[in-house]
Protein chains: 2
Amino acid sequence: MEIVKQLSYIPLFEGLEQRHLEHLAAIVAKRKYRRGETIFSEGAEANGFYIITSGKVKIFKTAPDGKEQILHIFGMGEPFGEVPVFTGRSYPANAEALSDASTFFFPRNAFIGLIKQDPSLALNMLSVLSMRLKRFAALIEDLSLKEVPGRLAAYLLYLSQQNRNARDLTLDISKTQLAAILGTIPETLSRILSRMTYEGIIESDERHHIRIKDRKALELLADGNKIVR
Amino acid sequence: MEIVKQLSYIPLFEGLEQRHLEHLAAIVAKRKYRRGETIFSEGAEANGFYIITSGKVKIFKTAPDGKEQILHIFGMGEPFGEVPVFTGRSYPANAEALSDASTFFFPRNAFIGLIKQDPSLALNMLSVLSMRLKRFAALIEDLSLKEVPGRLAAYLLYLSQQNRNARDLTLDISKTQLAAILGTIPETLSRILSRMTYEGIIESDERHHIRIKDRKALELLADGNKIVR
DNA sequence: ATGTTTTTTTGATTTAGGTCAAGGAAAACG
DNA sequence: CGTTTTCCTTGACCTAAATCAAAAAAACAT
């Protein structure tokens, strides 16, 4: 079966036995979303969770005035919306497709049934949730204990690490989105980027591209030191 | 066995079969801490997690300048330090006893062994982690999208809910600690408390006690509205 | 009690970063 | 293409909250 093969490539299902993959294939549904489309809204009743098979999805909270804080941007192979599968009944945040996106949808009850039968699946899911808690803890730390330049520096270093410490980073999101990830607004981000360029820490010639020129300085910033001007 | 009985009262172990409780009892170790004692530090290697049997423990991150952000304060029956059991190997934050505290300690590998044998235990743990993710998401929202009065209002309402919507709240932490929970400093908290008292929203006659006088106003504040002065 | 330490409050000042406004540059779309 | 829409940048300004300083009030210990 084709779907079983696709499922086997998903980290969450890594190491599962063939028969369990087949069970998963039996309960999964495909769902597609267009760029900008809402996948679910905070508070909406949840009856399952998703795994991205193509495209990008942002998970975010919004203030009454419209400002948004992105909690996470998920891509290929990553699950989202799993929290209400195990607690409560409603999604704790909003999800929207950043690009056209395809997903697998797993209905809650059927999935819980499978978890009861397969400890590896349970452990994989525990690992996913734990990793997410770690990232959230880091985000809380950033928001509370660092200023915007520090958060930006930490984010750039994080991006760099994702690409085996590349010096040249390709932002695959708009700067407005980046601002929403860092917990600030586009104007502030813009100012800080140009300040960091002026300081010789980074270089941002073309759109969606940032080159790290002084990694050491970024590390200092990410650790709470201020820019010396 | 006495320990099995104690374990059966812990929410994480609710609904477990007798024999699984006995397995847990076989791997558990008791650990005690004195007020102010460090239980673990961020980055330290983790080989197990804890459940509080008495006292209080704070989980927090610190900035180089000493400012701290409390992620959570745990009490009786609550587990902490579980994240590295399922991912990575080191604690992502610090833990310190707020009062003298006793804990059960569960070694990592033995516990994972039990999870593999008992889907209910896995599901309970999934539920604990999911609930925690929800709270973290709320904290991120507060830090990023609300100002300090809004965060305080949200916290007071949360406290009230914990006590079946009581009007009289007993803070069991110092105001300095409360400030660290809200992501601010004692001076700011003090000013906001007196402003809210002046506005007639709360009343704070004696130490460690706050009475909600205008719940509606608190709800408005928690939703992002400003105090009308 | 009496002194000592910790917590809380109050005041004066500074500052990071948000708001408002407007122009310019890409990108999306018919 | 040209046009519309979204995105990004820059400037002037404002405000929430941090910092610095110091006193008052509790809590703690002797």
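This passage describes how two protein chains are arranged in a predicted model, and how they meet each other and a DNA strand.

The arrangement of the two copies was examined by superposition. Chain B can be laid on chain A with an RMSD of 0.1 Å, the operation being a turn of 180° accompanied by a shift of 0.0 Å along the axis. The two copies are thus related as by a two-fold rotation axis. The same surface serves both copies, since 98% of the contact residues of chain B recur in chain A.

At the interface between the copies, 41 residues of chain B are in contact with 40 residues of chain A. The size of an interface is often given as the accessible area lost when the parts come together. For chain B and chain A, the buried area is about 3600 Å², and carbon and sulfur atoms give 77% of it. Two salt bridges are found across the interface of chain B and chain A; one of the salt bridges across this interface joins Lys61(A) to Glu141(B), with 3.2 Å between the closest N and O atoms. Six residue pairs in polar contact, with both residues at pLDDT 80 or more, are also found across the interface of chain B and chain A. On the side of chain B that touches chain A, two or more residues each come from strand E4 (57–62), strand E5 (68–74), helix H3 (83–86), helix H4 (108–117) and helix H5 (119–145) of chain B. H5(B) gives the most to this side, with 21 residues. By class, the residues of the side of chain B that touches chain A comprise 23 nonpolar, nine polar and nine charged.

Both chains also contribute to the surroundings of DNA strand D, with at least two residues each supplied by helix H7 (175–182) and helix H8 (186–198) of chain A and by helix H6 (148–162) and helix H8 (186–198) of chain B. H8(A) gives the most to the surface near DNA strand D, namely four residues. In total, 18 residues surround DNA strand D, and the closest are Thr176(A), Val148(B), Thr184(B), Thr188(B) and Arg207(B). The surface near DNA strand D has eight charged, seven polar and three nonpolar residues.

Of the atoms of DNA strand D within 4 Å of the protein, 76% belong to sugar or phosphate, and the rest belong to bases. Individual side chains illustrate contacts with the backbone of the strand. A polar side-chain atom of Thr184(B) lies 2.6 Å from a phosphate oxygen of DNA strand D, and an N or O atom in the side chain of Arg207(B) is 3.0 Å from a phosphate oxygen of DNA strand D. For Arg207(A), a polar side-chain atom lies 3.3 Å from a sugar or linking oxygen of DNA strand D.

Note on methods: Residues are numbered from 1 along each chain as its sequence is written. Chains are lettered from A and ligands numbered from 1 in the order in which they are written. This is a predicted model: local features need pLDDT of at least 70, side-chain atom pairs count only at pLDDT 80 or more; totals for chains, interfaces and linings use all residues. Side-chain values use heavy atoms; hydrogens and water are left out. Copies are superposed by least squares on the C-alpha atoms of residues with pLDDT of at least 70 in both. Contact means heavy atoms within 4.5 Å. A residue is near a molecule or strand if one of its heavy atoms lies within 4 Å of it. A polar contact is a pair of N or O atoms within 3.5 Å; within protein, one must be able to donate a hydrogen and the other to accept it, and residues adjacent in sequence count only if both atoms are side-chain atoms. Ala, Val, Leu, Ile, Met, Phe, Trp, Tyr, Cys and Pro count as nonpolar, Asp, Glu, Lys and Arg as charged, and the others, Gly among them, as polar. Buried area is the accessible area (1.4 Å probe) that two parts lose on being put together, summed over both. A salt bridge is a side-chain nitrogen of Lys or Arg within 4 Å of a carboxyl oxygen of Asp or Glu.
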